[in-house]
Amino acid sequence: MPIIRKLQRRKHSLGGKSGKTPTLPPSRTDAPALSNDQSLQARLEWMKQVLKDSSDIIYREFTISSGQSCALVYVRGMIAQETVQQFIVRSLQRESALLQEKNIYQFLFEDKALSVSTATVIDDLNQAIQAILNAEALLMIDGDKRMLTFSISDYPTRGIDEAPNESVIRGSREAFIEDLEKNLTMIRRRIKSPHLKTPTVNKGRETRTSIVLAYVENVCKPELVKEVQRRLSYIDMDGILGSAYVEEIIEDNPYTPFPQLQYTERPDVVAAAVLEGRIAIIVDGSPIALLAPVTLPMLLQSAEDYYQRYIAANWIRWIRYFFVFASLTLPSIYIAVTTFHPGMIPSQLLITIAASREIVPFPALWEAFAMELAFEALREASIRIPKSIGQAVSIIGALIIGTAAVQAGIVSAAMVIIVSLTGIASFIIPHFDLGLAFRLLRFPIMILASMFGLYGVTCGLILIYIHLVNLRSFGIPYMSPIAPLMGKDLGDTFLRAPWWKMKNRPALLSNNENRQNSNPRGWVKEKGDFE
């Protein structure tokens, strides 16, 4: 079965019939024309016209002892100005004796005598403009079209902190931040292998955002890498400000509530994913990395599953599966049973439910809808308001609204319990987008339950399953290894096998299935144990 299925796409206006990778138009179409004059002043005037009305662009002109004029151009606040002064300007002035004997061009471009290691020679002014905007310092010399760029960026970034949305007990405390280089460093620190590849593409006409693909070359399938690169090549928009922009463009089916890429803010999760043969998509300026492809069982797994002992991890995973099912169907089952199948309820419980519903003027469906919408409003309010009062508002609001609604006879006490359990169950889902998908699908299933009882609930679940079976994530079946059934990969689906049993990587993802030694617990057979 091929890893990447052929997708029929509309012909891109830039790609044409030849299938060539579309190219981005130049970011500035109104830039003034540059004459053949290579003098420093002519180039500076051109840059000032291109970057006009930019008060944070610094043009620093100075003359060295040989009498030649030089200029440094950089963005204020994005460059280490002490480094500029100490290792560039003063280095040129300090080597005055050497400059009298040597040509400045040989001194700079051949001898590379400046005390800044990250220097690059360029000769294109458009490339120079982009380098300045990428937080690099540009050095120009009068009479030579060659220029030097220095990577000495120094702009404020958020410190590395604990992942706020994916907390664990025994795992790493590091989380991605908005700085691309530091994010790549955290991954490289975990995978010290020359096979880890990190090619970069720039997207966005105005933002020119860097997007990095991280994968292990001898594990990831080449067809998957080409498919991801092909989809990224079709991105042609004015700006990419986060990984969600990329996710919506490259996913297989944009008309499904289920996420087809996994997002994470943990570098250890990214490292584990690329070691399985998946690709990480890291966007500059975003603390969230995307992982492709992804399956439904992967979205129901937590990083904590792999840091706990496998017995405890399996117990937690089974609880999670149970409450995932409850978050989707619990209100619907209550509506169906109380409306169409009261004989399924024990007599004492049926009498209690009937007594609580005696004064309620609305059918069970309207009760459930009202309480679910109120719970969703409280959930959203607790996220948007300041954290210092968010938790208090959500708890107090739920208690007050629930108690007042029951006392007023608007809803029954049993319905408040059902909706509360459903809300708690939805918090157990590790992936927020997957939990949101189940929350959205809960409402149509409730309507089916109010119309057809448990038959409607069953039909709704069958339709959802058919939809999931037909979903793909970069050509990988969304329900694998359940559908299609792959017995070898079930060891990390409903159960988490011990590490010494998981000898192979997932077959559909990896180009190299061997994960570890065929006998990782071979030490048991050797003598020398303490007695």
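In the predicted model, His341 touches Ala336, Gly453, Leu454 and Tyr455, when residues up to four places away in sequence are not counted. His341 lies in the loop between helix H11 (310-340) and helix H12 (347-357). The side chain of His341 also reaches the backbone nitrogen of Leu454, at 3.1 Å.

Two of the residues touched by His341, Ala336 and Leu454, recur in the packing of H11 against helix H17 (residues 454-470), where Ala336 belongs to H11 and Leu454 to H17. The axes of H11 and H17 come within 9 Å and cross at roughly 155 degrees. Angles over 145 degrees count as roughly antiparallel, and H11 and H17 are therefore roughly antiparallel to each other. On the H11 side, the contact is made by Phe325, Leu328, Thr329, Ser332, Ala336 and Val337, and these meet Leu454, Val457, Leu461 and Ile464 of H17. By class, eight residues of this contact are nonpolar, two are polar and none is charged.

H11 also packs against helix H15 (residues 413-427); the two axes come within 8 Å and cross at roughly 160 degrees. That angle makes H11 roughly antiparallel to H15. The crossing of these two helices is left-handed. In H11, the residues involved are Phe323, Ala326, Ser327, Leu330, Pro331 and Tyr334, while H15 contributes Ala414, Met415, Ile418, Leu421, Thr422, Ala425 and Ser426. The contact of H11 with H15 comprises 10 nonpolar and three polar residues, with no charged residues.

A further pair is formed by helix H13 (residues 364-384) and helix H16 (residues 432-452), which pack at an angle of about 170 degrees with their axes 10 Å apart. H13 is therefore roughly antiparallel to H16. Leu365, Ala368, Phe369, Glu372, Leu373, Glu376 and Arg379 in H13 meet Arg439, Arg442, Phe443, Met446, Ile447 and Ser450 in H16. Five residues of this contact are charged, seven are nonpolar and one is polar.

The unreviewed UniProt entry annotates residues 318-337, 396-429 and 441-466 as "transmembrane region". In the model, residues 318-337 are 100% helix and 0% strand, and the end C-alpha atoms of this span lie 25 Å apart. For residues 441-466, the chain is 96% helix and 0% strand, with the end C-alpha atoms 14 Å apart.

Note on methods
Residues are numbered from 1 along each chain as its sequence is written. This is a predicted model: local features need pLDDT of at least 70, side-chain atom pairs count only at pLDDT 80 or more; totals for chains, interfaces and linings use all residues. Side-chain values use heavy atoms; hydrogens and water are left out. Helices (H or I, at least four residues) and strands (E, at least two) are DSSP runs, numbered from the N terminus. A polar contact is a pair of N or O atoms within 3.5 Å; within protein, one must be able to donate a hydrogen and the other to accept it, and residues adjacent in sequence count only if both atoms are side-chain atoms. Contact means heavy atoms within 4.5 Å. Axes are lines fitted to C-alpha atoms, for helices over the stretch in contact, and angles run from 0 to 180 degrees between N-to-C directions. Angles under 35 degrees count as roughly parallel, over 145 as roughly antiparallel, 65 to 115 as roughly perpendicular and the rest as oblique. A crossing is left-handed if the near helix is turned anticlockwise from the far one by less than a right angle, and right-handed if clockwise. Ala, Val, Leu, Ile, Met, Phe, Trp, Tyr, Cys and Pro count as nonpolar, Asp, Glu, Lys and Arg as charged, and the others, Gly among them, as polar. UniProt positions are given in the numbering used here, feature names are shortened, and annotations may be inferred rather than shown by experiment.
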